[in-house]
Amino acid sequence: GQPCRLMWSQRDPAARRNLASNVYVKNLDPSIDNKALHDTFSIFGNILSCKVSTDNNGKSRCYGFVHYEAEEAAKLAIEKANGMKIGESICFVGPFIKREEKEEKDVES
């Protein structure tokens with residue numbers, strides 16, 4: 001079957017929309033799953049949610065997201081984990097940017 005992700009309900013919509021505490025991780029080793037991503041990034045702070053993106057067959061797309069409780073934890077993760085080897089790959093760790101905002105920046109450039 002398919003894996004099921006459980007997480008605490010976040011009732012405060014402001015906390016869910018706080019993009020400053022969201023981190024984008026790309027170039028992940030295909031062997032990294034949600035648990036490995038969580039275990040790797042939990043050293044920087046309390047994680048509200050964590051997910052490796054997968055295709056319809058459950059195969060990793062080699063990127064994921066980590067949402068921290070505190071903005072400081074996200075900044076620390078970006079500072080310390082960017083360029084770090086996770087599994088067999090050197091990963092990029094940066095702030096999460098909404099697709100719409102990214103497209104707007106691309107149009108302006």
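These are my notebook entries on a predicted model.

**Entry 1, the hairpin.** I began with strand 2 (residues 47-54) and strand 3 (residues 60-68), which pair in the antiparallel sense over six bridges. Valine 52 stands opposite glycine 64 of strand 3. I then looked at the five residues between the two strands of this hairpin, where glycine 58 takes a positive phi near 85 degrees.

**Entry 2, the core.** Which residues have the most contacts inside the largest nonpolar core? I found Val23, Val25, Leu28, Leu37, Phe41, Val66 and Tyr68 in that role, in a core of 19 residues. Two or more residues each come from strand 1 (22-26), helix 2 (34-41), strand 2, strand 3 and helix 3 (71-81), and helix 3 gives the most, with four residues. I followed leucine 37 further: leaving aside neighbours within four places in sequence, leucine 37 is in contact with Leu28, Ile32, Cys50, Lys51, Val52, Gly64, Phe65 and Val66.

**Entry 3, the aromatic rings.** I searched the whole structure and noted five aromatic pairs. One of these is formed by tyrosine 24 and tyrosine 63, a tilted pair at 6.0 Å centre to centre with 50 degrees between the planes; the pair links distant parts of the chain, since tyrosine 24 is in strand 1 and tyrosine 63 in strand 3, 39 residues apart. Tyrosine 63 counts as partly exposed, at 25% relative accessibility. Phenylalanine 65 and phenylalanine 96 form an edge-to-face pair, 5.6 Å centre to centre and 85 degrees between the planes. Phenylalanine 65 lies in strand 3 and phenylalanine 96 in the loop between strand 6 and helix 4, so this pair ties together parts that are 31 residues apart in sequence. I noted phenylalanine 65 as partly exposed at 30% relative accessibility, and phenylalanine 96 as partly exposed with a relative accessible area of 25%. Tyr24, Tyr63, Phe65 and Phe96 form one aromatic cluster. I also looked at phenylalanine 92, whose ring has the charged end of lysine 26 sitting over it, 5.1 Å from the ring centre.

**Entry 4, two single residues.** Is serine 89, in strand 5 (residues 89-90), buried or exposed? Serine 89 is buried, because its relative accessible area of 15% is under the 20% limit. Not counting residues up to four places away in sequence, serine 89 touches Asn27, Leu28, Asp29 and Met84. I turned last to lysine 98, which is found in the loop between strand 6 (92-95) and helix 4 (99-108) and counts as partly exposed at 37% relative accessibility. Lysine 98 and leucine 19 are 79 residues apart in sequence, and I noted 8.4 Å between them in space, C-alpha to C-alpha.

Note on methods. Residues are numbered from 1 along each chain as its sequence is written. This is a predicted model: local features need pLDDT of at least 70, side-chain atom pairs count only at pLDDT 80 or more; totals for chains, interfaces and linings use all residues. Side-chain values use heavy atoms; hydrogens and water are left out. Buried means under 20% relative accessible area, exposed over 50%, partly exposed in between (1.4 Å probe, protein chains only). Contact means heavy atoms within 4.5 Å. Two strands pair if DSSP finds at least two bridges between them. A nonpolar core is a set of buried Ala, Val, Leu, Ile, Met, Phe, Trp, Tyr and Cys residues joined through side-chain atoms within 4.5 Å. Rings of Phe, Tyr and Trp (its six-membered ring) pair if their centres lie within 6.5 Å; planes under 30 degrees apart count as stacked, over 60 as edge-to-face and the rest as tilted. A charge sits over a ring if NZ of Lys or CZ of Arg is within 6 Å of the ring centre and within 35 degrees of the ring normal.
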